[in-house]
Each structure stands twice: as structure tokens, then as C-alpha cells.
Amino acid sequence: MSTEYDVIIVGAGVAGLYQIHKIKEMGLKVRCLEAAPKIGGTWYWNRYPGARFDSESWTYGYSFSKELLEEWDWTEDFSPQPETEKYLNYVADKFDLKSSIDFNTMVKSAHFDEKESLWNLTTEEGKKYTCRFFVPAVGILSAAVMPDIPGVETYKGISYHTHKWPQSEVDLTGKRVGIIGTGATAVQIIPEIAKIVGNLTVFQRTPNWCTPLHNKKIPKDRMEQIKKNYDEILELCTQTPGCYIHSTDPRSTFEVSDEERTAFWEKLYAEPGFGIWQGNFKDMLTDRTANTMMSEFLAEKIRGRVNDPILAEKLIPKDHGFGTRRVPQETGYYETYNKENVQLIDINENPILEIIPEGIRTKEGDIELDIIIYATGFDAITGAFERIDIKGINGKELRELWDDGPVTYLGVLVADFPNMFICMGPHSGLGNYTRTAEYSVEWVSDLISHAVQNDKRNVQTSELAMDEWTNHVLSLGEGLLMNEIGSWMTGVNRNLAHKRKPRIMRYSGGHPAYREFCDKVKEDGYRHIVFS
Ligand code: NAP
């Protein structure tokens, strides 16, 4: 069976849902193919205990509909996963998006037909689709990675990757639980489940610099006030580098007195959200000494919160400075290690040898477990693309082209892959997800609209444009301490060490500059994009 559409979107997460809405508004024939049985993407899959936003809820919602902003009440500053999933379903129902989605549909391949200027998509089940414009909105953290530890498949107990947490209730009460990983996901789940499990063993390879989230309930009257202020809040988000409400402090770490500096950091530590990362001194992420001073401030905080000084030292990162990896935001994370039922195993001292039917075998002995949780992260940013066999002109493979790192024009187009418009992929301005996704969706929609209105069937960029943009992205990343360390932001998941070196994956010039660039390309009649 072959079905013809003007546009096929892959993925019904935050970006894909809005993309459906925009294409429907244009009166084009659209279909969205979604691997999950329901909408939500990240917010469908990551339903582990403690999963919640780390952007303020009232900055994360869609802004394209004033009515929607008025109708929806967030109940917490950092919305928990069930509420976010409910919100996305509310949006999907309000704008009748679900009828445009084929669920349980995993795209296996997408091949460009040069003669017809069409994309042919095939699903895992063998169903075929044809479309003029192919929009992958597959997410940046959607290809989960299991650890490369021998014996994973031999385990006889229950095990979950946090990204594939089951729909049904998981009863952890009184259970012996082990968790591998200490990234942002683990930092959310650990304090939550430590309250109910019998025993929790955390297997840590690299500690991260975690800062307090300070989540609060939003009473009705405050939500009313937020609604009145939406224009200013959303405008503020357009001005900051990451589209959060937090903006880099214009001062340098060294131009203030020691007392002023400490008072500023104390203030940031006591405030909710990413201010301590995104609103810190301007040189905190570029000047090594400034970064070390900030890291020492936080190390003292950890020492002050963890009773056992040896354990506290294990929880302090030694191989990277604060903010050079994405900052996990925590609620009682460090105090969790003061509980009697929680143990930390530093696997650098006591390595995991293998997973055995009863639990985890370490160098120092076996740990019997009822449940193993893998919080081992993602093949970020390009991983979800690699799962699809994407072929452009002359059968050119996207996987192969991106083998040494992604190359794109504006993070949207790839030469020799005409009519493919990536929504929120590598090299685009990433940050507060919905804020940045809305811009990308609108830019892609305008591009499609331009092609359709001018009766053009083929939209492509050149290798030269792609090289120029890629070099621009790479040069912006130079000098940033963030790009020196392996993390998902540099495309590194150590389980995939065989295929990945740290690489610059994100546009790091700040979202306002990204928008300015892309707006100008559009104003100039889509510079470096050929419509035929
Ligand atoms: P992650 O940051 O990549 O963390 C994965 C963890 O697993 C790391 O601690 C890693 O250790 C460990 N690990 C992987 N393989 C291992 C192995 N074989 N043995 C031992 N340890 C292993 O992934 P994540 O925690 O899922 O977070 C990814 C991103 O998702 C976050 O940075 C954030 O952007 C996003 N996220 C957002 C929220 C939110 O609040 N909205 C919540 C959760 C996640 P190494 O560091 O040593 O490799």
C-alpha cells in the first residue's frame, strides 16, 4: 500500500505536534508517524518516578495560542511528567492533532526518489508512505542506550531503562533496587525511590555537579498572575541564550569582591531552576579559573549536605567543572546518601564485572537485586536519525555523511537530501525545548509554505552552504569548556565509545543569534536554498 502526503512528520513529541498543527493550518495533507502508542515523545516515554521539567513550567508551554495559555493551569513550577503528558494530550485534543497520527509506527527507512522529488518511507511493519516533504522531528534524547556490561540479558529479576519505564505502576516498596548511572535522570529518580525501596544501591562512574531545583506548588492566584505576565515572560525567553528566564550576568567573576561573589552564588544556589547555570558570571563557562572557583563553591555545598566525608568526596566531580555538562537539578539528592538504606558504589574503585541472574557482580562481591534500573542515557542528537536508513540523491546515506559529526545548513537542511527539513536536530539552536522548537517548526513551515505557494517541488541546499554553516557552528564552539568534556551534549555516551569522539553537536551562539541568522536567510529570499 502506498499513501501520498504533502508532508510526513516523524515523531509526535513537543516539536512534531506543533508541526502537525502548522501544516494542517496551511491546508496541506499531513501525516505524522509515531513509534509509541500515544503522543508526547520524551514525555510519554520517560515516566520514571520523579521525572519532571527542569525549565519553569510556565516557560515551557506552547505560546502559539493565547487561548491555550489562558486555559492551562500549571500546578508546579517544574511540572511532573504525568501533568506534562496530560498537557500535551490536552493540546493534541484541542487542535485535533491525533487524527493525523499513525501510532505504533516505527519508520525503518526514508529514501528520496530523484525522478519524482518525493520521499518514500517504509515502516518496520512494511507499510509504505510517500510524501513531498519529509520532516524528521525525532527528538534529541530519544534513542536510549543500554550499558555495555556483559550479562545484561542473563538477569532474572525485573529491569528497566528509565526511558522505557512501564505504563503500569511499578511496585518498588521494600525491594532491593540497583541503579546504574548518575546523570540528570538518575538524580531525579534516586531521591524519589529511596523513600520506598528496601535498599538502594547506586552505581556511579562519574559524579555530576547537581544544584537544587527548589520546586514549589503554584497556587491558583499565582497562576492567574503568571497568565497576566505571559507576554513579558515569553518576551524575556526570546532574549536569553537558552530561552530560559535566566540570563548570563554581565559581570566577570573577578570584577567583584570575594564577599559579593559568594553572596551572588549563595543567592543563585537558593533560587529555583537553572539560574545558577544560565545566569552566572559571564566568564564562568569560558575561563578555567572562574569555573574552578564556582566548582569549589559547589563542592563545599556537597560536603555540607552529605554526612560521611568520604562519601561526599566521591560525589564531587573531579574530571570536569560545573556547568560543562548539563546540570542535573535535584531535590534532596545529596541528603539521600545520608539514609541507611542507600549505598553508593564508585565503580572506578569497585568495578561492575557483569550482570548475573541474581543481580550485579562487582570486583568486591555480588549484590543481589530484585530490580535493576538502567539510567544510562541516550545516543543523543544524531542517534534517532541513525536508527532510520535515510538515503538522499544517488543513494547517499545520512548515517555515513554524519559519521565524523553532523553537517547541516542551519541545522535544518542537508545537501543531497532535498525536501528533508529537520526539526530540532544537530546544529540548531537548542535550549528550553518548547521555546526553541516553536521557532524551528515555524521556520520549517514557512519554508514549506514558500515552496508550495511558488509551486516548487524540490527544495535543496548546496554543499558549500552546508560547509559554511557547519564551520560557523564549529567555530562558535571553540573555547567553550563544555565542548572539551564527553557528555550527551558532545555526542558522547561511553557505551558507544567505539563509534564516537566528542564533537560539537549544538549551535552554541545563543538562540537569539541563531534566530537572527535564520530570519536573515529567509528575508534574503532563502539564501543558499534552491527551489525548483
Ligand atoms: P546521561 O546524562 O547521559 O547520564 C547517563 C549516566 O549513565 C551517566 O552517569 C553515565 O556515566 C552512566 N552510565 C552509562 N553507561 C554506563 C556504564 N556502562 N556503566 C556505568 N555507568 C554508566 O543521561 P540522562 O541522565 O538520561 O540525562 C540525559 C539528558 O536528558 C539530561 O542531561 C537532560 O538534558 C535530559 N533530562 C532532562 C530532565 C529534565 O529535568 N527535564 C530529566 C532527565 C534528563 P558517565 O557519565 O561516566 O558516562
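Reader: L311: buried or exposed?
Author: L311 is buried, because its relative accessible area is 14%. Buried means under 20% relative accessible area, exposed means over 50%, and partly exposed lies in between (1.4 Å probe, protein chains only).

Reader: What kind of model is this?
Author: This is a predicted model, where local features need pLDDT of at least 70, side-chain atom pairs count only at pLDDT 80 or more, and totals for chains, interfaces and linings use all residues. Residues are numbered from 1 along each chain as its sequence is written, and side-chain values use heavy atoms, with hydrogens and water left out.

Reader: Back to L311. Which helix is it in?
Author: L311 sits in helix α12, residues 309–314. Helices (H or I, at least four residues) and strands (E, at least two) are DSSP runs, numbered from the N terminus.

Reader: What does L311 contact, beyond four places in sequence?
Author: V306, Y337 and L344. Contact means heavy atoms within 4.5 Å.

Reader: And how far is L311 from N338 in space?
Author: 9.4 Å, C-alpha to C-alpha. In sequence, L311 and N338 are 27 residues apart.

Reader: Zoom out. How many helices and strands does the chain have?
Author: The chain has 18 helices and 19 strands.

Reader: Why does the radius of gyration agree with a compact globule?
Author: Because a compact globule of 532 residues would have a radius of gyration near 24 Å, and the chain has 23 Å. The radius is taken over C-alpha atoms, and the globule rule is 2.2 Å times the number of residues to the power 0.38.

Reader: What does the C-alpha trace span?
Author: About 70 × 55 × 45 Å along the principal axes of the chain.

Reader: What share of the residues is buried?
Author: 59% of the 532 residues count as buried.

Reader: How about contacts between residues 24 or more positions apart? What share do they make up?
Author: Such residues account for 73% of the contacts in the chain with a separation of 6 or more.

Reader: And the surface? How much does the chain expose?
Author: About 21600 Å². Carbon and sulfur atoms supply 50% of that area. Accessible areas come from the Shrake-Rupley method with a 1.4 Å probe; for residues, only the protein chains shown count as cover.

Reader: Charges next. How far apart are the mean positions of the positive and negative ones?
Author: The 60 positive and 78 negative charges have mean positions 3 Å apart. Lys and Arg count as positive, Asp and Glu as negative; His and the chain ends are not counted. Each charge is placed at NZ of Lys, CZ of Arg, CG of Asp or CD of Glu.

Reader: New topic: H161. Where does it lie?
Author: H161 is in strand β7, residues 158–161. H161 counts as buried, because its relative accessibility is 6%.

Reader: What does the H161 side chain reach?
Author: The backbone nitrogen of H163, at 3.0 Å. A polar contact is a pair of N or O atoms within 3.5 Å; within protein, one must be able to donate a hydrogen and the other to accept it, and residues adjacent in sequence count only if both atoms are side-chain atoms.

Reader: Which residues does H161 contact, leaving aside neighbours within four places?
Author: A144, V145, M146, Y374, T376 and G377.

Reader: Any other side-chain polar pair? Say, what does S99 join?
Author: The side chains of S99 and D96 are joined by a polar contact of 3.0 Å. S99 lies in the loop between α5 (81–94) and β3 (101–102). At 46% relative accessibility, S99 counts as partly exposed.

Reader: Backbone now. What is the phi of S117?
Author: About 55°, so positive, although S117 is not a glycine. Most residues other than glycine have a negative phi. S117 is in the loop between β4 (107–113) and β5 (118–123). S117 is buried at 7% relative accessible area.

Reader: And Y526? What is its phi near?
Author: Near 60°, a positive value in a residue other than glycine. Y526 is in the loop between α18 (511–523) and β19 (529–531). Its relative accessible area is 5%, so Y526 is buried.

Reader: Last one: L68. What does it touch past four places?
Author: Y62, Y87, Y90, V91, K94 and F95. L68 lies in helix α4, residues 66–71, and counts as buried at 1% relative accessibility. L68 and K94 are 26 residues apart in sequence and 8.7 Å apart in space, C-alpha to C-alpha.
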